[in-house]
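Student: I'd like a close look at one greasy spot on the outside of this protein, and then a walk from there through the rest of the side-chain contacts. Could you take me through it in one go?

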Amino acid sequence: MAAAPALKHWRTTLERVEKFVSPLYFTDCNLRGRLFGDSCPVAALSSFQTPERLPYQEAVQQEFRPAQIGDSFGPTWWTCWFRVELTIPEAWVGQEVHLRWESDGEGLVWRDGEPVQGLTTEGEKTSYVLTDRLEEGDPRSLTIYVEVACNGLLGAGKGTMIAAPDPEKMFQVSRAELAVFCRDVHRLLVDLELLLGIAKGLGEDNQRSFQALYTANQMVNVCDPAQPETFPVAQALASRFFGQRGGESEHTIHAMGHCHIDTAWLWPFKETVRKCARSWASAVQLMEQNPDFIFACSQAQQLEWVKNHYPGLHARLQEFACRGQFVPVGGTWVEMDGNLPSGEAMVRQFLQGQSFFLQEFGKMCSEFWLPDTFGYSAQLPQIMRSCGIRHFLTQKLSWNLVNSFPHHTFFWEGLDGSRVLAHFPPGDSYGMQGSAEEVLKTVVKNRDKGRSNHSAFLFGFGDGGGGPTQTMVDRLKRLHNTDGLPRVQLSSPGRLFSALESSSGQLCTWVGELFLELHNGTYTTHAQIKKGNRECERILHDVELLSSLAVARSAPFLYPAAQLQHLWRLLLLNQFHDVVTGSCIQLVAEEAMCHYEDIRSYGNTLLSAAAAALCAGEPGPEGLLIVNTLPWKRTEVLALPRPGGAHSLGFIPSPGDSAQHGLCSCPCPHLTAAPADPATCVCGTGVPADSASRTPPAKTDGSVTLDNGIIRVRLDPTGCLTSLVLVASGREAIAEGTVGNQFVLFDDVPLYWDAWDVMDYHLETRKPVLGQAGTLAVGTEGGLRGSAWFLLQISPNSRLSQEVVLDIGCPYVRFHTEVHWHEAHKFLKVEFPARVRSPQATYEVQFGHLQRPTHHNTSWDWARFEVWAHRWIDLSEHGFGLALLNDCKYGASVRGNVLSLSLLRAPKAPDTTADMGRHEFTYALMPHKGSFQDAGVIRAAYSLNFPLLALPASGPAPAASWSAFSVSSPAVVLETVKQAETSRQGRTLVLRLYEAHGSHVDCWLHTSLPVQEAVLCDLLEQRDPAGHLPLQDSRLKLTFSPFQVRSLLLLLQPPPN
């Protein structure tokens, strides 16, 4: 006789079902306790430990010793290999048999010499399916290996996740046994968990919620965990509920398998290689078992690692890519930071990434995939579009601390007007687990209801890898089309964006940068990494330029394409969003610095080789080759090497033409002058007597004045800037009653993310660092250069020395700075109060600039209290302005009339040593008449970052100066000269130019190279069929719109025999 209906209390009913499926409570009698049936220990377990990450073939040859469950191994970053010998009981025929394995390290199962599945407790992979049904003829004994890394899914932080790794941490295996897996119990658990999620997600005010809860309750009533024959009745109740269909208007969720793996973060690069194997072997297993399961995977670098270290796994990925189940996305070499890399470096991310995807998987990516990066430059839409990408996916702006971003699906319009279709998964995560609550959240949180009826749902453990599980797939399949919930499809990025595009008529447009209101400290943390990044971007620029010119001038010279690809890939690797940002452990920072040193070392070797080729066969005196790697004429003071390692100053005036990218020779290594055409030049003239930089002796009050006829700088006895005058107009740039070059120290204690965040309240702790009168001294007096220097005690533990330098003919004053920094949770900045009033300041970004407010009218303005810029920031009013330039800094702000450059931080997690030690950097101050565009601020910042090169000439240097390229408009910058990736006989060059002023402009590109053909191309160097450019008198006419980036292919004439 059926039980009479009973009044049910919501909470007790809910908790009753929760306890029935709980892994913690009542497992002796609930359903969860019956997930595994009979079990037996492994036949034998043996192991060996190593500090190395050995290949499988080498590891299995080692001496294994008997091991026990609970044995300790380690420490952190070591590896323990286990040989696991198994004997399956005869009585288990017809059953599904698993190896159950639990460890606090990350495991990888090897079977028959191939990686087959990851085993991570944190990633809910604690068993490996030996057979889904044991047949009579199947072998009963087998041996597998488990490679266990001595780190967890998210590293080995001591105490907290982001703490520095615990070097002494030991690990153990807590379970290793064979067991029968009860698939029927698993299905019931999936159904009951989903019903619970629906009840919780829809809440007590929803009819469907009660239906879900009562169905689950009735399933508990009819299901006896000890009697499997009761399971079908419970299963039928669930099937009836899930079989009730939703309406046609329901939102559609596109569920995609995903596994975000940080290329380095709380673990080193080499561990990421193994994380990829563990995660992707598991994904391959899921693709085999679920033909409708699709896995999206980004980052070409990680795929190349797998190709090199796990060729069998790579071949499987290629096989599933052909089936459409493994979908490469992103198009970039790594998921790079979206703020700090230069425009050219961002182009190379796509150039290297798309090339790899095309070569290995037969096609390029059509969506840019950057879910976890700390902000997105306003130039990314243009770069994407020119790299064959029209779609963009991220979710990071859901982390905004102050303002909620108003859209999940929208058009994103960049600096030049380029537009891409952008989508943020409304569940605000790239690591969903397929729960009903997450599915409902995706619909409820969607900010574009009525405009878009499709959303992405990325499921799988991420950050440290892991990826999707079969349970997640089972949940999502069960929710395919159920009344009260959105439709759920196992889908692909292509299908998602096609659906979004088909109904995009009502979507809104967001113009400009996507600024993340969090992690502002990453613009400054690990200053040495930032410096290495900027320097190596410059070195690779210079090597490519000189090598290209050497190809054009020297027939035997071979462009070092393979070497440059290797060096670029190292730089791009370091631009991963937890490396260049400094939000990584010490081990990663040290590896990054080694990468930079390799780029510097090999880059300088390549520079020397190109210089030797440029000098080959030329008449002229032996000496120095002076190279101007910028596309405009320059007049600069240059330190020239002398015998014995000393240096002397030389004045390098430009010849009176419009040459750019020039070479010249400098015949004698002492005080001299040589013309600096853009890419090559030579000569030897004296220094004009009336143009010397004047440094009057220090005044009786201890102050020093520097004056070069363009600007006049006055420093007080402590080194602060009391006056900066533009001589021609007499205009003072420093605000009345204030001083510039004021160092300030802030307390810097964020809420949690130490290396990442600087909080707004740090501004309330501002403390000027006061110098001591009498420390200012005259350095160089007059002639080509005037300078003064001083010492400053920042704190009892940290000190600073600075040389303030003014050269003849230079429109800016330089501040060469050395800091010995030993602080904890302090932030050092330098401030310049300007005699300028403007509601907005201008900041250089990739291939252009943008404005940000100097006030805090709205919460959107206030959230930008600390922002990023590249080589310069500028505050201008009509007719006058002040620009602050730098050679390796990125953090900045302009509040009111105060320009501030962020110099050093001192976070203690995840690297306790971050930024400790000695630092060198230069910033410069440039007052100017008129707009920053007309005054040449952009060129000045380039000149600061790309000094003239004085290269030893192995043979005679060219007797006459030579210029390769010039551009007729100051608004257009020739950013890059390189050999094309696919170049006929190495005689095709790529030139990349951009409009830098924010204007429409026509200009002429003049070249002295023997050009046979010129044609426009995209950023991937694919020809524009309609882009042929006629060559007229060695000139090409180009048209630009504001901030437009244009690339062209120059096919050079064959060299003479």
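**A surface patch and beyond**

Tutor: Let's start on the outside: Met161, Leu751, Tyr752 and Tyr761 make up a nonpolar patch on the surface, and together they have about 390 Å² of accessible area. Keep in mind that this is a predicted model. Take Met161 from that patch. You'll find Met161 in the loop between β10 (141-149) and β11 (171-181). Its relative accessible area is 30%, so Met161 counts as partly exposed.

Now for the inside. In soluble globular proteins, nonpolar side chains tend to be buried together. Here the largest nonpolar core has 275 residues, and Phe392 and Trp412 are the ones with the most contacts inside it. There's also a second, separate core of 29 residues, with Val42, Leu99, Cys150 and Leu178 among its members. For a buried nonpolar residue to look at by itself, try Val804, which sits in strand β34 (residues 799-807). Val804 has a relative accessible area of 0%, so it is buried. Along the chain, Val804 and Thr817 are 13 residues apart, and their C-alpha atoms are separated by 8.6 Å.

Next, the aromatics. A pair of aromatic rings is described by the distance of the centres and the angle of the planes. The count for this model comes to 41 aromatic pairs. One cluster worth finding on your screen is linked by ring pairs and takes in Phe48, Tyr56, Phe64, Trp81, Trp110, Tyr145 and Tyr310. Rings also turn up with charges over them. Lys396 lies over the face of Trp399, 3.4 Å from the ring centre. Lys19 does something along those lines with Tyr25: its charged end sits over the ring, 5.2 Å from the centre.

On to the charged pairs. Side chains of opposite charge can pair when their charged atoms come close. The model has 54 salt bridges, and three of them make good stops. Begin with Asp448 and Arg451, whose side chains meet in a salt bridge at 3.1 Å, N to O. The two partners sit in contrasting surroundings: Asp448 is buried because its relative accessibility is 0%, while Arg451, at 27%, counts as partly exposed.

The second stop is inside a helix. Asp542 forms a salt bridge with Arg538, and the closest N and O atoms are 3.7 Å apart. Why do these two sit about one helical turn from each other? Because Asp542 and Arg538 are four residues apart in helix α14 (residues 527-553), they are separated by about one helical turn. Asp542 is also buried, at 0% relative accessibility.

For the third, go to two strands. Arg1023 forms a salt bridge with Glu1013, with the closest N and O atoms 3.3 Å apart. Arg1023 is in strand β51 (residues 1023-1028) and Glu1013 is in strand β50 (residues 1011-1017), so this pair ties together parts that are ten residues apart in sequence. Both ends count as partly exposed: Arg1023 has a relative accessible area of 41%, and Glu1013 is at 24%.

Salt bridges can also be joined up here. Arg53, Glu106, Glu147, Glu271, Arg274, Lys275 and Arg278 are linked in a network of them.

Last, a few backbone details to check by eye. A cis peptide bond joins Gly74 and Pro75, with omega at about 5°. You'll see Pro75 in the loop between β4 (72-73) and β5 (79-87). The peptide bond from Ala909 to Pro910 is cis too, with omega near 5°. Pro910 is in the loop between β43 (898-904) and β44 (917-929).

Then come two residues other than glycine that have a positive phi. For Asp463, phi is near 75°, and the residue lies in the loop between β19 (454-459) and α12 (470-478). Asp463 counts as buried, since its relative accessibility is 19% and the cut-off for buried is under 20%. For Asn741, phi is near 55°, and you'll find this residue in the loop between β29 (731-732) and β30 (742-747). Asn741 is buried as well, with a relative accessible area of 1%.

Note on methods
Residues numbered from 1 in each chain as written. Predicted model: local features only at pLDDT ≥ 70, side-chain atom pairs only at ≥ 80, totals over all residues. Heavy atoms only, no water. Core = buried A, V, L, I, M, F, W, Y, C linked by side-chain atoms within 4.5 Å. Buried < 20%, exposed > 50% of the residue type's maximum accessible area, 1.4 Å probe, protein only. Phe/Tyr/Trp six-rings, centres within 6.5 Å; stacked < 30°, edge-to-face > 60°. Lys NZ or Arg CZ within 6 Å of the ring centre and 35° of its normal. Patch = residues over 30% accessible without salt bridge, like charges linked within 9 Å, V, L, I, M, F, W, Y side chains within 5 Å. Areas by Shrake-Rupley, 256 points an atom, 1.4 Å probe, with all protein chains shown as cover. Salt bridge = Lys/Arg side-chain N within 4 Å of Asp/Glu carboxyl O.
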